[in-house]
Amino acid sequence: MKNLFDLTGKTVLVTGATRGIGREFAEGFKNAGAIVYGTGSSAESIKKLDGSGITAFAADIRQPGVMDPIIETIAKKHGRLDVLINNAGVASNTPAAFFKEDEIQSIVQTNFVGVFRACQAYYKIHKKKGGNIINIASVLGFQATKLASVYCGTKAAVINMTKALAVEWVGSGYRVNAICPGFIDTDMTEMIKERPELMAQMQDHIPMRRLGTGEDLVGAALYFASDASKYVTGQTLLVDGGVSSSV
């Protein structure tokens, strides 16, 4: 019987692959036999991927057109790009009343506009071959928390955009799905871990009573990337330790 989860030789591009969840995705796909490419926000950041077996590109996804040459390069070299994982994102800890315009724009441009442009570039360059997009959203796209107003808004937008693209592009052989992590132990949650009372409140809010890890998310990504999910599109998978079930 065919191994539905076999990703040997598949080409995968992960944005924001130099650290945190993105690095876990990149390493997970490499270990599964895929040919993995990753982006980082700058030439300095992608040095973290030196010697990893992951081919790196510098790409500030806030900038228009930055993903087009990367996708073109991969597709030209291998004949196709099998999977695009839009993982790059930023968070904040700013009260809603005190956001400055540059911070608002940075979050929106990174978490939503940059994701849309990457999807669009992949579709336009790769249209005749079909494709598979996995967008990384958040449990906070479904439920709110304090000090995350703009972040919550962008992640909710990614979830609904995922559904819209899935419907619009299904006729071109594209599948588009989203993974919604819960509270994951990365450098983006350092601001919470540095505040013991807030950290204790968060753990009490998680039925599994712990932060998730990047490794906890890899299985969901491998599922969406593989033939095991070939009849699945426009769906959102919450990987959150039960947070969304406890509301």
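In the predicted model, the contact between helices α3 and α4 involves I104, I107, V108, N111, F112, V115, F116, C119, Q120 and Y123 on the α3 side. Their counterparts in α4 are V150, Y151, T154, K155, A157, V158, M161, L165 and W169. Helix α3 spans residues 101-126 and helix α4 spans residues 149-169. Two packed helices are described by the angle between their axes and the distance between the axes. For α3 and α4, the angle is about 15° and the axes lie 9 Å apart. Because angles under 35 degrees count as roughly parallel, α3 is classed as roughly parallel to α4. The crossing of the two helices, α3 and α4, is right-handed.

Residue N177 belongs to strand β6, which covers residues 174-181. The relative accessible area of N177 is 0%; since the cut-off for a buried residue is under 20%, N177 is assigned as buried. A polar atom of the N177 side chain is placed 3.1 Å from the backbone oxygen of V232. V232 also appears among the residues that N177 touches when those up to four places away in sequence are left out. The remaining residues in that set are I133, I134, N135, T162, F224, T233, G234 and Q235. One of the residues touched by N177 is thus T162, a position within the range of helix α4, residues 149-169.

Side chains of opposite charge can pair when their charged atoms come close. Across the whole structure, 6 salt bridges were found. One of the pairs is E44 with K47, where the N to O distance is 3.3 Å. E44 has a relative accessible area of 55% and is therefore exposed, the threshold being over 50%.

A salt bridge also joins D60 to R62, with 2.9 Å between the closest N and O atoms. R62 is partly exposed, at a relative accessible area of 35%. In the pair formed by R210 and D216, the closest N and O atoms are 3.0 Å apart. Both partners have intermediate accessibility: R210 is partly exposed at 38%, and D216 is partly exposed at 34%. In addition to these pairs, salt bridges link R23, E27 and K30 in a network.

How values were computed:
Residues numbered from 1 in each chain as written. Predicted model: local features only at pLDDT ≥ 70, side-chain atom pairs only at ≥ 80, totals over all residues. Heavy atoms only, no water. Helix = DSSP H or I, 4+ residues; strand = E, 2+ residues; numbered from the N terminus. Buried < 20%, exposed > 50% of the residue type's maximum accessible area, 1.4 Å probe, protein only. Polar contact = N/O pair within 3.5 Å; in protein donor to acceptor, adjacent residues only side chain to side chain. Contact = heavy atoms within 4.5 Å. Salt bridge = Lys/Arg side-chain N within 4 Å of Asp/Glu carboxyl O. Axes fitted to C-alpha atoms, helices over the stretch in contact; angles between N-to-C directions. Parallel < 35°, antiparallel > 145°, perpendicular 65-115°, else oblique. Left-handed = near helix turned anticlockwise from the far one by under 90°.
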